[in-house]
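Good morning, colleagues. I would ask you to look at the model on the screen while I go through its internal space and its surface.

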Amino acid sequence: MKDGVNGVALAVFIFFFLAVTVMGFLAARWRKAENEHSLDEWGLGGRSFGTWITWFLLGGDLYTAYTFVAVPAAIYAAGAAGFFAVPYTILVYPLIFTFLPRLWSVSHKHGYVTTSDFVRGRFGSKGLSLAVAVTGILATMPYIALQLVGIQAVLDVMGVGGGEDTNWFIKDLPLLIAFGVLAAYTYSSGLRAPALIAFVKDTLIYIVIAVAIIYIPIKLGGFDEVFAKAGEKYTSSGAGGLITPEAGQWTYATLALGSALALFMYPHSITATLSSKSREVIRRNTTILPLYSLMLGLLALLGFMAIAAGVKVTNGQLAIPQLFENMFPAWFAGVAFAAIGIGALVPAAIMSIAAANLFTRNIYKDFIKPDATPEQETKVSKLVSLLVKVGALVFVLTMDKTVAINFQLLGGIWILQTFPALVGGLFTRWFHRWALLAGWAVGMIYGTAVAYGIPSPTNPSQKHFGGSSKEIPGIGEIGYIGLTAFVLNVVVTVVLTFVLRAVKAPDGVDETKPEDYTADAGDPGVQVELPPATAGTSH
């Protein structure tokens, strides 16, 4: 790592950061509606985004700064095992093609803002809705924190904030300023801010990847040389390899499948989806979003390039920013750093909005103030979006970075347990609400308890939450804890549903109708029904 501040790169980084800050505040006037003081407007952009805006928004939402830092960093440290992110993003799009249009239609019909809104309306259960809301908020917090980790990696490589011995406030001041600005324009503009900034973020990312995948291999002597040096490093260290070893293939497969099932359970994924103006926009996006998977596959190769370039870092998350600084001219390194930094701001904004919407709709309105007006809902959401960012900031400033990474993996274990209620509910009402709640509880308890017992393989002082994979009981193979917990969740849900239906346990009221799941915005019979002020068992 170079000593001192990289002035040219820092100047370019600041230029782009200031540009997107201005865009963030101006976004409040973009597509402004008459009724701006409503959760539909602030939290979902008025449900008015077309195909390309939604594509950029979902891309900016799903492919985060930590994705651009962590995926190649995993390749750098562990070899081919880190490529699991590529197949899981390929698996996810045919999956969401089957259920996201149905979720959009029923949400548009009934004015649902969150997944918990749908679960409450479908199963008539505030308890199940609360479980989904709490899980969503819980899983989102470390995800936001990891955007901070991505920005910190860039700032560290540029030499901003001082070294490890520097006073913590001075060291983290640039990070505090960046997220202070983020909090301000998110509060002001809502979902319109990240939607507008996503254009800049994705354009920069595509430019950086296109240049990196051509320019860096040429400087290193070609891809043959890159793979040869990476293979030599893995052979000499005994860690990782160019091909996933047989012992790790089950872990690789279950992690990819479990991550694919979990990705669109996250609240921020659904928030970006519900901002679309029609179900056809969603269907078209599932066919063009795989372009990001192509980019991710190319980006993952940067991990091999970092090895071939002789990058030496004690913290793996610095490998790719350091590669950029070593290989690019200072001005273009600044462009690359800006792409990563802005790539943190967009998803962090959407995540905080999504978590705030869950709290407002499914905790504040359901249990604290059932007669809240749209203006009060919006005000609470804005305030909670600030608190969520503060919580994530405290998380990353006070916790060891390795712990933060593993807590994000735990977030995937948690959010996957909402799959039966959400996706199952979109296709059938057969599952009993109490069975779904019991299955969720079993999956959450099992997943958390097993992950808690895993020590870090690299940090002896970290005795808990050191990974996301463990031997599967009765099978012997090591697999993703989240998927094992999910299977237990489904088994409990199915068995208890049979039992509860046999004893004729009281079922909740379903406020939806079959036609609600297939209608588009253009259908004359489709009108948005906002929930009444007083919420009963099913609104």
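**Surface patch and internal cavities**

Let me begin at the surface of this predicted model. Val-487, Val-491, Val-495, Val-499 and Val-503 together make up a nonpolar surface patch, and their combined accessible area is about 410 Å². One of these residues, Val-491, belongs to helix 22, which covers residues 481-502. Val-491 has a relative accessibility of 46%, so it is classed as partly exposed, since the exposed class requires over 50%.

I turn now to the interior. How many cavities of 30 Å³ or more are there? The count is six. The largest cavity holds about 60 Å³ of space. Helix 9 (192-220), helix 16 (319-327) and helix 17 (330-368) are the elements that each contribute two or more residues to the lining of this largest cavity. The lining consists of Phe-68, Ile-205, Val-208, Ile-209, Leu-299, Leu-302, Ile-320, Phe-324, Ala-336, Ala-339 and Ile-340. By class, that lining has eleven nonpolar residues, with no polar and no charged ones.

My last item is Ser-469. This residue is located in strand 1, residues 469-471. Is Ser-469 buried or partly exposed? Its relative accessibility is 23%, and therefore Ser-469 counts as partly exposed; the buried class is reserved for values under 20%. Ser-469 and Leu-409 are 60 residues apart along the chain, and 9.7 Å separates their C-alpha atoms.

Thank you for your attention.

How values were computed:
Residues numbered from 1 in each chain as written. Predicted model: local features only at pLDDT ≥ 70, side-chain atom pairs only at ≥ 80, totals over all residues. Heavy atoms only, no water. 1 Å grid on protein atoms, 1.4 Å probe; cavity = no way out; pocket = protein on both sides within 12 Å on 5 of 7 lines; lining within 4 Å. Points joined across faces, edges and corners; volume = space filled by probe spheres on them. Helix = DSSP H or I, 4+ residues; strand = E, 2+ residues; numbered from the N terminus. Nonpolar A, V, L, I, M, F, W, Y, C, P; charged D, E, K, R; others polar. Patch = residues over 30% accessible without salt bridge, like charges linked within 9 Å, V, L, I, M, F, W, Y side chains within 5 Å. Areas by Shrake-Rupley, 256 points an atom, 1.4 Å probe, with all protein chains shown as cover. Salt bridge = Lys/Arg side-chain N within 4 Å of Asp/Glu carboxyl O. Buried < 20%, exposed > 50% of the residue type's maximum accessible area, 1.4 Å probe, protein only.
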